[in-house]
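Me: Could you take me on a close look at a single part of this model, and then walk outward from there to what surrounds it? I have the sequence and the coordinates open, so feel free to go residue by residue.

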Amino acid sequence: MRGIRRWFPLFPVCTIALAFATGAAGYTLNYTLPASGGCPVPTRFSTVTAIAREWSTSLPVSPQTIFTVAAPGTSQQITEIQQTIETAFSAWTGVTGTTLNATTYPDALAPLGDTSTQDACANDQESNLTGEDTICFNQSSTAFTPGVLAFTRVFAATAPGQTLGSTTSSFAGQILEADILVRNDGQVTFATPGALASNPSSYDLESVLIHEMGHFFGLEHSPIWRAVMTPFAPPPGTYFGERPTATEPDAPLADDDRTGLRVLYPDPNDTTDVGVITGRVLPANPLSLAGLQATAAGEYVSGIFGANVVAVDANTGQVMAGALSGWSCSSASAAPVFDGTYTIERLPLGRTYNLYIEPLDGLFTPADIGGGGLNLCSTTSATPCTAPPVNADFVPHVRPAG
Ligand SMILES: [Zn+2]
C-alpha cells in the first residue's frame with residue numbers, strides 16, 4: 001500500500017539465551033522515514049483519540065493451541081482469554097508519565113471489541129487492512145517461520161493526511177493499524193496464567209502478548225534481558241518478573257520498557273521523568289572508522305553506529321534505560337548524519353547515573369533490530385542517505401570520572 005511502511009518484528013524462541021545473556025542496551029524505537037525525507041521519526045499512535053482494539057474469538061481446535069482453565073468452546077474460555085488480553089494491555093497503560101495513562105487525556109484505549117472473523121488481521125498480502133487493531137489466534141501466515149511464536153505488523157503513515165479505515169494521519173510515523181498474530185499451526189502452544197502450571201510445555205500467553213504489545217505501541221527489541229522487549233521468550237511453563245496486579249499493573253515491565261514508552265507517549269505534565277543524557281560514542285582512533293566512511297550517499301561516518309549506551313542508577317545498580325548510539329539530525333528536514341550521537345530520554349530526575357557502552361556482538365545482534373538500519377535512511381528519499389552497518393567491532397574502555 002502506497003505510503004505505508006511495514007515491519008515484521010519477530011519473537012523467536014531461544015530459551016538457552018537466558019543463561020548467557022549479558023544484559024545491555026535498551027529501549028529501541030521503530031522509526032518511520034517521512035515521505036518528504038529528512039529526519040526519521042518514532043513510530044507511534046496518536047493519543048488524541050482512543051486506540052480501537054479488537055480480537056478474533058476464532059481459536060484453533062485441531063490442534064488446540066490456546067489452553068485455558070475453562071473448557072474449550074465455552075463462553076468462559078472466551079472470557080478467560082479476553083481477560084488475559086486486557087491484563088496484558090494494562091501492563092503498558094499502567095506506566096505512569098505517559099499519555100496512555102494520564103488523566104488529562106481521553107481514554108487511551110477504546111473498549112476491547114471482538115470479532116468472529118478468523119482472518120481478521122492483516123494478511124501476508126496486506127489486502128485486508130481495515131484500520132482496526134486486531135489480535136488473531138487462528139490466522140495462518142508465512143511469517144510463522146521456525147521459532148516464531150507471534151509477531152506484530154505495524155502500518156504507519158509516512159505523511160499527514162494518509163487514511164486507513166476511519167483513521168487519517170496527522171503526522172508522519174502515526175500508526176494507522178497494528179495487528180498481533182499468535183502462531184496457530186500447533187508447532188507451539190500457549191496457556192493463560194491460570195492454565196500454565198497444568199500445561200508446562202506451553203508458553204505463557206500473557207508474557208507473549210505483553211511483548212507483542214510493546215511492538216504494537218512502537219517499540220523495537222531491547223537487548224536488556226529483563227526487559228519484556230528482549231527478543232527471547234521465557235521458556236515454556238514459565239514467565240519472567242512479576243505478574244501484574246491491580247495496584248501495580250505494569251509489574252511485568254522493566255524500567256527500560258517504561259522509559260521507552262514514556263519517550264513515545266510523554267505526558268507533558270510529568271515533571272519527574274524528564275532527565276536526558278546525551279553525548280557521542282567516538283573511537284579513540286578516528287582512522288579505525290575508515291572502512292565505514294564511504295556510504296552510498298557520500299556522507300561521513302564520524303562516530304560509532306549501533307553501540308549500546310546504558311544508564312544505570314549509580315546508587316541501586318538498577319538499569320534504567322538504554323539507547324543505541326549512532327546518529328543525529330541537524331533539523332527535522334535534514335537526513336541523519338552518523339556521528340555516534342546517543343540520547344537517553346525520560347530518565348527520572350534527582351539520581352546519579354553511570355553509563356556503560358558495549359557493542360552488539362553478543363546474543364543480541366543487529367538482526368534483532370531489523371538488521372540494524374532501523375529505517376533511518378533511504379537512497380530514494382528526498383534526502384537520501386545510507387545507514388552504515390552496525391559497528392560491533394570495538395572495545396570500550398572506562399575513563400575515570402573527574
Ligand atoms: Zn518481538
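Reply: **A close look at helix α3**

Let's start with α3, whose 13 residues reach 18 Å from the first C-alpha to the last, close to the 18 Å expected at 1.5 Å a residue. Please keep in mind throughout that this is a predicted model. Helix α3 is mostly covered, with 13 of its 13 residues buried. Just after the helix comes Gly218, which has a positive phi, near 120°.

Next, look at Phe217. Setting aside neighbours within four places in sequence, Phe217 is in contact with Phe45, Trp92, Leu261 and Leu264. Phe217 is also among the residues with the most contacts inside the largest nonpolar core, a group of 96 residues. Trp92, Val182, Val208, Met213 and Val309 share that distinction. As background, nonpolar side chains in soluble globular proteins tend to be buried together.

Trp92 leads us on to α2. This helix covers residues 75–93, and its 19 residues should span 27 Å at 1.5 Å a residue; the end C-alpha atoms are 27 Å apart, so the two values agree. Trp92 is one of the buried residues of α2, a list that also includes Gln77, Ile81, Thr84, Ile85, Thr87, Ala88, Phe89, Ala91 and Thr93. When you follow such a list along a helix, remember that an α-helix has 3.6 residues a turn, so residues three or four places apart point the same way. The cover over the buried residues of α2 includes α3 (205–217) and α4 (255–264), along with strands β5 (51–56), β6 (66–67), β7 (109–115) and β8 (133–136).

From that cover, pick out β6. An open sheet of three strands runs in the order β6-β13-β14, with parallel pairing. Its edge strands, each pairing on one side only, are β6 and β14 (203–204). Two bridges hold β6 to β13, and Phe67 has Ala191 of β13 as its bridge partner.

Ahead of β13 (190–191) sits a loop that begins after β12 (175–182), and Gly186 lies in it. Gly186 is exposed, because just 11 other C-beta atoms lie within 10 Å and 12 or fewer count as exposed. Beyond residues up to four places away in sequence, Gly186 touches Pro63 and Thr65. The C-alpha atoms of Gly186 and Thr65 are separated by 5.8 Å, although the two residues are 121 apart along the chain.

Val309, another of the well-connected core residues, takes us to β16 (residues 308–313), which is joined to β19 by six bridges and runs antiparallel to it. Asn308 has Glu358 of β19 as its bridge partner. These strands belong to an open, antiparallel sheet ordered β17-β16-β19. Here β17 (319–324) and β19 (353–358) are the edge strands, and the twist averages 20° from one strand to the next.

One more pairing is worth a glance: β15 (residues 275–280) and β18 run antiparallel, joined by five bridges. Gly275 stands opposite Leu347 in β18. Strand β18 (residues 341–347) is mostly covered, with five of its seven residues buried.

Stepping back, the chain's secondary structure comes to four helices and 19 strands. Of its 402 residues, 48% are buried. Among contacts between residues at least 6 apart in sequence, 73% join residues at least 24 apart.

Notes: Residues are numbered from 1 along each chain as its sequence is written. This is a predicted model: local features need pLDDT of at least 70, side-chain atom pairs count only at pLDDT 80 or more; totals for chains, interfaces and linings use all residues. The expected span of a helix is 1.5 Å times one less than its number of residues. A residue is buried if 20 or more other C-beta atoms lie within 10 Å of its own, exposed if 12 or fewer, and partly exposed in between; C-beta atoms are placed from the backbone. Two residues are in contact if their C-beta atoms, placed from the backbone, lie within 7 Å. Two strands pair if DSSP finds at least two bridges between them. A nonpolar core is a set of buried Ala, Val, Leu, Ile, Met, Phe, Trp, Tyr and Cys residues joined through C-beta atoms within 7 Å. Axes are lines fitted to C-alpha atoms, for helices over the stretch in contact, and angles run from 0 to 180 degrees between N-to-C directions.
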